[in-house]
Amino acid sequence: MKMALWVRRPPSQKRVILVFSVIAICLAIAGIEKLFNLDDKLPEMNATKVRVKITP
């Protein structure tokens, strides 16, 4: 939907650069995680520590 609005009223060049740079940074971070297999090396960063105490 956002791209349809961009076609009708194109944004400034700065806005386009900002959006594509954010997308590129996100893809780079995901690629680094996959490349170096950080999910296996740093399990404590991915673990959620939620304790639920149930009382009868």
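Student: Why is F20 called partly exposed?

Tutor: The relative accessible area of F20 is 45%, and the term partly exposed covers what lies between buried (under 20% relative accessible area) and exposed (over 50%), with a 1.4 Å probe and protein chains only; F20 is therefore partly exposed. This is a predicted model, in which local features need pLDDT of at least 70, side-chain atom pairs count only at pLDDT 80 or more, and totals for chains, interfaces and linings use all residues. Residues are numbered from 1 along each chain as its sequence is written, and side-chain values use heavy atoms, with hydrogens and water left out.

Student: What makes F20, I23 and L27 a patch?

Tutor: Patches are made of residues with over 30% relative accessible area and no salt bridge (a side-chain nitrogen of Lys or Arg within 4 Å of a carboxyl oxygen of Asp or Glu), where like charges are joined within 9 Å and nonpolar side chains (Val, Leu, Ile, Met, Phe, Trp, Tyr) within 5 Å. F20, I23 and L27 form such a nonpolar patch on the surface, and together they have about 310 Å² of accessible area, a value from the Shrake-Rupley method with a 1.4 Å probe, for which only the protein chains shown count as cover of residues.

Student: Where is F20 placed, and how many residues does helix α2 have?

Tutor: F20 is in helix α2, which runs over residues 13-36 and has 24 residues; helices here are DSSP runs of H or I with at least four residues, numbered from the N terminus. From its first C-alpha to its last, α2 reaches 34 Å, close to the expected 34 Å, a span defined as 1.5 Å times one less than the number of residues.

Student: Why does W6 count as buried?

Tutor: W6 has 18% relative accessibility, which falls under the cut-off for buried, so W6 counts as buried. W6 is in helix α1 (residues 2-8) and, leaving aside residues up to four places away in sequence, touches P11, R15, V16 and V19, where contact means heavy atoms within 4.5 Å. Of the 56 residues of the chain, 2% count as buried.

Student: Which helix has the lowest mean pLDDT among the elements of the chain?

Tutor: Helix α4 (residues 43-46) has the lowest mean pLDDT, 58, and α2 the highest, 92, on a scale from 0 to 100 that gives the predictor's confidence in each residue. Where pLDDT is low, the predicted coordinates should not be read in detail.

Definitions and conventions. Helix = DSSP H or I, 4+ residues; strand = E, 2+ residues; numbered from the N terminus.
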